[in-house]
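Reader: I'd like to get my bearings in this fold before going back to the bench. Could you walk me through it?

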Amino acid sequence: MIVAIVYLVLIVVSILLTVQSAHVLYLMLYTWDRADAERKARAPEEFLPPQLSFSVLLPARHEEDVIQSTIERVVRADYPAELLEVFVICSQDDTGTVKKAEEKIDELHREGLHNVRVVVFDDKPINKPHGLNTALPHTANEVVTIFDAEDDIHPKIFSLVNTVMVQEDVRVVQAGVQLMNYQSNWYSTLNVLEYFFWFKSRLHYHAHFGSIPLGGNTVFFARQLLLRLGGWDDRNLTEDADMGLRISAMGERVRVVYDDRYVTKEETPPTLGHFIRQRTRWSQGFMQTLKKGTWKKMPTRKQRWLAFYVLAFPRGQALLGLYLPLSLGMILILKVPVMIALCSYLPVLLLAAHFLVQAVGLYEFTGAHGLEASPKAVLRMAIAWFPFQMVLAYAALRAMRREMLGRHDWEKTQHVGAHRATTEEAESRVG
């Protein structure tokens, strides 16, 4: 009897994992598989003259090393300065970042540029969404956008969004974000490819069905829409995903644009500890948003199910982390009938398909950005794949523990500008 139950559990789990893996694979390939989706994802080939004005929010905490370069890139964007205003947002105790930002602002003032200022808050919580809410009343322009303190934006990003919003009459645009430093450490390639498939393919699927967890930056909102929503939930660790689902529940259409030429470039976390803390924060934020229940207000069953699936995924990831070592042990010690063994190998075949798709994605990513992939890089991916899954599972388990303990403090991710070195490498190769 016990053996029969073990066999039944093995079959059920194998089937569930196979279905889930197949669905994720479909989402990864969505824009490649559907010509209409790929067409909708593209940026316009020609841009309209500047019409909309933009308020740029730059939340920063302990970003002394990168904030001046980011301010420079935003201010020097290929868009009229009179249609841009920039707010660097800091907590009062972050004197280092405030000082660096003010030094840059003084430099710009000497050049006659007066569209950048620092907004300082002195209350809690000390986190990104609270900073955004503090700065929002200071904004005056038609469109509000967010960039992270380490972001390398494309000079024409405002022209791109201006064109899309005016031509297509949309009030929310999510543009592409791409991690760049794919060779920095053992997990960076897989982390880079997560972003590549998420922004290039998966988000378009979510946008198509009106159930989209937005990214944390390079997202553009009509200011009046943000005011109507009352800003961000400053207790949520993934305020971006929460905002996206709140917008979806209103029936607001979100236009996702991914064009390799215009992505905002970022870096993978510099150490494994920082990566785990970042992923813990994301997983816990999804758990918070699931508990909050905004997804239940969506008008259709398809939208509700898609939102639930995304928000519940970290819990499934935690369970997967417990199951993977167990499955390896069963392979070694458990003898089962042939048909059950074949069934249990179905998820393995899907995982192999995932890896092959990621390997192809690596070559497409590097080719699009003037970088070079190699068989050695693919081998490193293969070696790192299982440990990477276990790290993700550990982060999800850690998030569950923090949520049960009621801990919602913001664990900061360090930025060192590693993506800028990768970009410079690509530019020198092209040159």
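Author: Here are some questions and answers on a predicted model.

Reader: Let's start with the sheet. In what order do the strands of the open sheet sit?

Author: The open sheet has seven strands, and their pairing is mixed. Going from one strand to the next, the twist averages 20 degrees. As for the order, it reads E3-E2-E1-E4-E7-E5-E8.

Reader: Which strands stand at the edges of that sheet?

Author: An edge strand has a single partner strand, so one side of it is left without a neighbour in the sheet. The two that fit this are E3 and E8 (254-257).

Reader: Is strand E2 enclosed or open to the outside?

Author: In a regular strand the side chains alternate between the two faces of the sheet. Here Leu84, Val86, Val88 and Cys90 point one way from E2, while Glu85, Phe87, Ile89 and Ser91 point the other way. Both sets are buried. That makes eight of eight residues buried in E2 (residues 84-91), so the strand is largely enclosed.

Reader: Which residue of E2 stands opposite Val56?

Author: Strands of a sheet pair through backbone hydrogen bonds, either parallel or antiparallel. E1 (residues 54-59) and E2 pair in the parallel sense, over six bridges. Opposite Val56, in E2, stands Val86.

Reader: What is the hand of the crossover from E1 to E2?

Author: Between these two strands the chain passes through helix H4. That makes a β-α-β crossover, and its hand is right-handed.

Reader: And in E3, what is the bridge partner of Cys90?

Author: E2 and E3 (residues 116-121) run parallel and are joined by six bridges. The chain gets from E2 to E3 through H5, in a β-α-β crossover that is right-handed. Within E3, the partner of Cys90 is Val120.

Reader: Now E1 and E4: which residue of E4 stands opposite Leu57?

Author: E1 and E4 (residues 143-146) run parallel, with four bridges joining them. Opposite Leu57, in E4, stands Ile146.

Reader: At what angle do the axes of H4 and H5 cross?

Author: Two packed helices are described by the angle between their axes and the distance between the axes. For H4 (residues 67-75) and H5 (residues 95-110), the axes come within 9 Å. H4 passes H5 in a right-handed crossing. The angle is roughly 35 degrees.

Reader: Which residues of H4 and H5 make the contact, and how many of them are charged?

Author: H4 brings Ile67, Gln68, Ile71, Glu72 and Val75, and H5 brings Thr97, Lys100, Ala101, Glu103, Lys104 and Leu108. By class, five are nonpolar and two polar. The number of charged residues is four.

Reader: At about what angle does H7 run to E7?

Author: Helix H7 (residues 157-168) lies across E1, E2, E4, E5 (172-175), E7 (219-222) and E8. Relative to E7 (219-222), H7 runs at about 45 degrees.

Reader: Any odd backbone spots? Which peptide bond is cis?

Author: Most residues other than glycine have a negative phi, and most peptide bonds are trans. One exception involves Pro125, in the loop between E3 and helix H6 (128-135). Omega there is near 5 degrees, and the cis bond runs from Lys124 to Pro125.

Reader: Is Asp169 buried or exposed?

Author: Asp169 is found in the loop between H7 and E5. Its phi is positive, about 55 degrees, although Asp169 is not a glycine. Exposed needs over 50% relative accessible area. At 70% relative accessibility, Asp169 is exposed.

Reader: And Thr218, buried or exposed?

Author: Thr218 also has a positive phi, near 55 degrees, in a residue other than glycine. Its place is in the loop between helix H8 (188-208) and E7. Relative accessibility is 0%, so Thr218 counts as buried.

Reader: How many residues of helix H10 are buried?

Author: H10 spans residues 239-249. Its buried residues include Glu239, Asp240, Asp242 and Arg246. Just after H10, Gly251 takes a positive phi of about 85 degrees. The helix is largely enclosed by the rest of the structure, because the buried count is 10 of the 11 residues.

Reader: Last one: what separates the C-alpha atoms of Leu371 and Leu193?

Author: Leu371 lies in the loop between H14 (346-368) and H15 (375-405). At 7% relative accessibility, Leu371 is buried. Leu371 and Leu193 are 178 residues apart along the chain, and their C-alpha atoms are separated by 14 Å.

Technical notes. Residues are numbered from 1 along each chain as its sequence is written. This is a predicted model: local features need pLDDT of at least 70, side-chain atom pairs count only at pLDDT 80 or more; totals for chains, interfaces and linings use all residues. Side-chain values use heavy atoms; hydrogens and water are left out. Axes are lines fitted to C-alpha atoms, for helices over the stretch in contact, and angles run from 0 to 180 degrees between N-to-C directions. A crossing is left-handed if the near helix is turned anticlockwise from the far one by less than a right angle, and right-handed if clockwise. Contact means heavy atoms within 4.5 Å. Ala, Val, Leu, Ile, Met, Phe, Trp, Tyr, Cys and Pro count as nonpolar, Asp, Glu, Lys and Arg as charged, and the others, Gly among them, as polar. Buried means under 20% relative accessible area, exposed over 50%, partly exposed in between (1.4 Å probe, protein chains only). Two strands pair if DSSP finds at least two bridges between them. A crossover is right-handed if, with the strands pointing away from the viewer, the path from the first strand over the helix to the second runs clockwise.
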